[in-house]
Structures are given as structure tokens and as C-alpha cells.
Amino acid sequence: MFVDLTLFPLDTIKTRLQSQQGFYKAGGFRGIYAGVPSAAVGSFPSAAAFFVTYECTKSLLGAGGALSAPHAAPVTHMLAASLGEIVACLIRVPTEVVKQRTQASPFTTTYHTLLAALREEGVRGLYRGFGSTVLREIPFSLVQFPLWEYLKILWSRRQGHTLYSWQAAVCGAFAGAVAAFVTTPLDVAKTRIMLAKAGSTMASGNIPLVLYDVWKSQGLTGLKAASDEGRSELPAEDKTSATENNKQPSFSWDTPWLNVYSRFGLGLSQTPVGHPSPHCRSRKHKN
């Protein structure tokens with residue numbers, strides 16, 4: 001929650017940069033905490049849903065069979081993380097829809113945004129963008145986790161001893177930045193779909209159509225507008241590690257690093273991290 005509140009202004013700026021109406025028409029730098037109640041409400045239950053699903057899936061997959069072998073641990077972690085993200089999105093997406101619409105309309109309130117969404121499309125409208133969110137979360141995990149583990153193993157072997165928390169955080173920062181850079185176009189599509197006017201073509205959730213529309217109107221810079229949504233919750237691997245050791249307009253290409261502090265900031269206070277083991281998000285989490 002602390003990280004959510006600290007980085008929420010950056011998330012607001014990201015949403016407005018990716019909105020179809022443009023940064024300044026979406027509010028610019030005004031009301032940068034618009035939508036924070038929605039993020040606060042969804043933060044705890046979505047994180048809990050991820051934790052429970054991830055740990056249960058990891059235990060079941062590792063209990064026997066081919067995935068119980070040590071060399072299959074990365075596959076187990078990725079499958080568990082993917083399922084965890086899908087379950088967490090059942091809670092995260094409705095709060096994300098309300099949050100982003102409030103961020104893009106800073107002169108309204110979270111409550112009025114929720115009522116408007118229910119009045120126009122019902123409960124189904126709160127899940128607009130569910131598919132694009134899941135399609136963004138899973139590739140992010142598939143890119144981030146293997147790279148993070150590889151960097152930790154490589155660094156640990158080179159220095160001849162286990163990594164400290166700041167070293168694991170550096171590895172995670174780089175892996176998170178790469179994953180954010182790769183998946184930013186999907187995040188842009190998610191934002192456009194959630195913010196689209198009810199009944200419009202973009203609101204239908206056709207991701208290829210949305211990406212083509214952005215590319216046609218803004219080119220590559222539009223697809224790379226801002227960065228990952230900056231969820232404050234740690235990724236699956238970070239969540240597990242933390243638990244076992246006590247998860248329109250163009251913008252700067254450096255923006256993916258904004259997501260790093262959201263996803264890995266908590267790791268800076270951990271005790272030294274041991275050599276990566278078979279048992280070892282924000283966002284969402286974003287939120």
C-alpha cells in the first residue's frame with residue numbers, strides 16, 4: 001500500500017500519456033491522485049488472490065511428475081505465476097477500469113466513475129480489458145522470471161558467493177525493465193480499451209485492431225507511450241522470495257524504469273538472498 005501511494009502519481013501520468021485524448025486533455029499534471037481509492041481497495045485482495053493461487057499451483061505441480069524435477073523449476077514457476085495472474089485479474093481489472101477512467105477524468109470522483117460504468121454497461125463493463133490485461137501480464141512474467149533467475153545465477157557464480165539483497169534487486173530491475181519494454185504495446189492497448197467510450201469499436205476489446213489504430217495514428221512512439229502500469233505488488237518470484245526470506249503522446253524510453261521501483265523496491269530491505277533455488281509481482285499490480 002505504501003508503494004502504491006508513493007508511485008501513484010507516476011501511474012496517473014502513464015495512464016494519461018497512453019489515453020487516446022492525449023496527456024493534457026486527460027488532465028495533465030492536475031489531480032495526480034485521482035482514482036487512488038480504487039487502487040487502495042483492490043490492492044490487498046488481488047495480491048492475496050495471487051499469493052494463494054501461485055503457492056497452491058506451485059505445490060501441486062512440484063508434488064510429482066515431470067515438473068517436480070529441479071531443472072523444471074522455472075517452468076513450474078512460470079505456470080504458477082501465469083495462473084496466479086489470471087486469478088488476480090478477476091479482482092484487479094474492475095478496480096483498474098475505475099481507477100484509469102478516474103485518472104483520465106480528474107474532475108470526477110471514483111464513486112461517480114463506478115456508477116457511470118455500471119449504468120452504461122453493467123458489471124460486464126467493469127471487466128472490459130480483462131483479456132488484454134491477462135495477455136500483458138503473462139508475457140511479462142515469461143520474459144521477466146527466466147531472465148531474473150539467469151542473471152542471479154550468473155552473478156553469483158562470478159563472485160563465488162550468494163547474492164545480497166541489493167544485487168538481487170539490480171538483477172530484478174534489469175529483468176523488469178526488459179519485460180516492461182517488451183510488453184508496453186500490450187499495456188497501451190489495455191489502457192485504450194478500458195478508456196474507450198462504451199459501444200465504440202475500440203471498446204470491443206479487439207487488441208490487434210487497437211494496436212493497428214495506435215500505430216496508424218502515432219507510429220512506433222504511440223505503441224511505446226509511457227511504460228508498464230507500475231503495479232506496486234511484487235512479481236511472483238519477488239513475492240515468493242520476500243516470503244521465504246522473512247511480487248498518445250510519446251514518452252521517454254527510460255520510462256520502463258519507473259516500473260522497476262514499483263516491482264522491486266521492497267527487495268532493497270531484504271536480508272542477503274541465497275543462491276537461487278527451485279522455490280524461489282506490482283502490479284498489481286498494478287495495484
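Colleague: Which helix is Glu96 found in?

Modeller: Keep in mind that we're looking at a predicted model. Helices here are numbered from the N terminus. Go along to the one spanning 73–104, and you'll have the home of Glu96: helix 3.

Colleague: Is Glu96 buried or exposed?

Modeller: Let's check the cut-off: buried means under 20% relative accessible area. Glu96 comes in at 3% relative accessibility, so Glu96 counts as buried.

Colleague: Which side chain does the side chain of Glu96 join in a polar contact?

Modeller: For a polar contact, look for a pair of N or O atoms within 3.5 Å. The side chain of Glu96 has such a contact, at 3.1 Å, and the partner is the side chain of Lys99.

Colleague: Okay, on to the largest pocket. Which helix gives the largest share of its lining?

Modeller: Helix 3, helix 4 (110–121) and helix 7 (165–195) each chip in at least two residues. The lining has 19 residues, with Arg101 and Ser105 among those nearest the pocket's centre. The largest share is five residues, and they come from helix 4.

Colleague: How many residues of that lining are charged?

Modeller: Split the lining of the largest pocket by residue type and you get seven nonpolar and seven polar ones. Asp, Glu, Lys and Arg count as charged, and in this lining the charged residues number five.

Colleague: Which residue follows helix 6?

Modeller: Helix 6 takes up residues 130–159 and reaches 43 Å from its first C-alpha to its last, close to the 44 Å expected. Next comes a residue whose phi is positive, near 80°, and that's Gly160.

Notes:
Residues are numbered from 1 along each chain as its sequence is written. This is a predicted model: local features need pLDDT of at least 70, side-chain atom pairs count only at pLDDT 80 or more; totals for chains, interfaces and linings use all residues. Side-chain values use heavy atoms; hydrogens and water are left out. On a 1 Å grid over the protein atoms alone, a cavity is a set of points where a 1.4 Å probe fits but cannot get out, and a pocket is an open set with protein on both sides within 12 Å along at least five of seven lines; lining residues have an atom within 4 Å of a point. Helices (H or I, at least four residues) and strands (E, at least two) are DSSP runs, numbered from the N terminus. Buried means under 20% relative accessible area, exposed over 50%, partly exposed in between (1.4 Å probe, protein chains only). A polar contact is a pair of N or O atoms within 3.5 Å; within protein, one must be able to donate a hydrogen and the other to accept it, and residues adjacent in sequence count only if both atoms are side-chain atoms. The expected span of a helix is 1.5 Å times one less than its number of residues.
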